[in-house]
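Trainee: Got a minute to go through this one with me? I'd like to talk it over before I head back to the bench.

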Amino acid sequence: MNPSASPLDPLPEILQSLRSACPTLWAGRGAGARAGGAVSAAQVQQAVQRFERFAPLLQQLFPELEASRGRIESELLPVPHMQQALGLPEAMGSLLLKADHALPVAGSIKARGGVHEVLEYAERIAQLHGLLNAGDYAQLASDEARAVFARHQVAVGSTGNLGLSIGVMASALGFQAVVHMSADAKEWKKQRLRARGVQVVEHAGDYAQAVAAGRALAQQDTHCHFVDDEKSLSLLLGYAAAVPRLVVQLAEQRRVVDAEHPLFVYIPCGVGGAPGGVALGLQQAFGPHVHCFFAEPVQSPCFMVEMLAGAGSLPGLGEHPSVYELGLNNRTEADGLAVPRASELAADVVRGFLGGVFTVADETLFRHLCLLHDSEGLDIEPSAAAGFGGPRALLETAAGQDYLQRQNLLPHMAGATHIVWTTGGLFVPPEEYARFLERGRSLARGG
Ligand SMILES: *Cc1c(COP(=O)(O)O)cnc(C)c1O
């Protein structure tokens, strides 16, 4: 950590630290946190209700949703052994984990945003064709409805997980599904999609280029809906819809959130849609008592760069710079987070209240993946491990201490709740996971 990365004198030090790919914390929230830009609580509520309306249909389409009656949900787990393994003292509060790594259907947090956008599109097409006259969503599984969907295409550009969620959901409803993937997308993700009848188009460049190519192709076709990860409000709202269930889970576990019991949430960040949506929902639920921190790889800190640029702090780099412009290479094993440029929509939504952003070295991702396996028996993918560096970054850096002091949190840490959001992993093939684990172990041995 860069010890002098304080928001009061931030820029030269933070920039220096970012450029040298050192783990860096930017904790930028001021005293007067504001609500979520142009997105209202009513819009989030509509996404929550859309998932409810579709639950009977999802239960029919996916046997794994039988027990939850069509809800795609994850557990909130206390992880005391992981807290100990990370060396986090009880005096800092309690560590919990939001287990989106085990979300059914898509195996990652993309099951929220991606599924929501496909459902919203399906709802629109169904209404246009008079398929929902009786308001019976289960009839969208009928041959008649599927024949209508089959004349439409859903396309997306993705490094992997978004493609998985869009592809699986779209093809389950009967849409033609096309996923544009970057060169670094994992082979098993492509295979999984092809096995579901999804058309996978491979592009030579990085993630942003795959998205641009997919977007251009889709624009030529009026029966094609392109899921635009960098611009989509529907995705963001699908992620935000995670929060009502989380509020209930916190209450069930008697975790209070108020001025004396702050809530810290650490969420892996790619373009920022997933963490941005979740942070928006949390802000609407808990106001100033929740402190969201986004986690990015040291080579792909696009969201931190976007926040700094938006504050006018990156002179000469324009308003919306990529990580390449800082001399970084966007190379990371965290394929869900390998994004060179942030979503402007997500940045606008969270700018007024985001606690901050921190970066994590790839080695740390593997060490934490391994620690979580050994301490709690939970298996996640490298991207999903990024949040575990958060509590340390807050507690042990000057920037973090400065934040806790500015927000008057230091007297209340023992009553704090820290949630690390684990965002993916369920469908990682065992051989692949074994390699992740081995890499984490060799690092722990100092190799
Ligand atoms: C996509 C993804 C994220 C981040 O989501 P963005 O919307 O790109 O910020 C985090 N973790 C995993 C595992 C993901 O697949």
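Mentor: Sure. Over residues 74–391 the chain is 42% helix and 15% strand, with the end C-alpha atoms 22 Å apart. Helices (H or I, at least four residues) and strands (E, at least two) are DSSP runs, numbered from the N terminus. This is a predicted model, where local features need pLDDT of at least 70 and side-chain atom pairs count only at pLDDT 80 or more, while totals for chains, interfaces and linings use all residues. Residues are numbered from 1 along each chain as its sequence is written, and side-chain values use heavy atoms, leaving out hydrogens and water.

Trainee: Which feature does UniProt place at 74–391?

Mentor: The unreviewed entry gives "domain: Tryptophan synthase beta chain-like PALP" there. UniProt positions are in the numbering used here, feature names are shortened, and annotations may be inferred rather than shown by experiment.

Trainee: OK, pockets. What volume does the largest pocket have?

Mentor: About 320 Å³. On a 1 Å grid over the protein atoms alone, a pocket is an open set of points with protein on both sides within 12 Å along at least five of seven lines, a cavity is a set where a 1.4 Å probe fits but cannot get out, and lining residues have an atom within 4 Å of a point. Points are joined across faces, edges and corners, and a volume is the space filled by probe spheres set on them.

Trainee: Which residues lie nearest the centre of that pocket?

Mentor: E52, R71, I72, E73 and A241, out of 17 lining residues. Helix α2 (41–61), α4 (110–128) and α10 (243–252) each give two or more residues, and α2 gives the most, with four.

Trainee: And how many cavities of 30 Å³ or more are there?

Mentor: Three. The largest cavity holds about 250 Å³ of space. It has 27 lining residues, with K110, G270, A274, G336 and L337 closest to its centre. α11 gives the most to that lining, with three residues.

Trainee: Switching topic: at what angle do α14 and α17 pack?

Mentor: About 105°, with the axes 8 Å apart. That makes α14 roughly perpendicular to α17 (65 to 115 degrees). Axes are lines fitted to C-alpha atoms over the stretch in contact, and angles run from 0 to 180 degrees between N-to-C directions.

Note on methods:
Angles under 35 degrees count as roughly parallel, over 145 as roughly antiparallel, 65 to 115 as roughly perpendicular and the rest as oblique.
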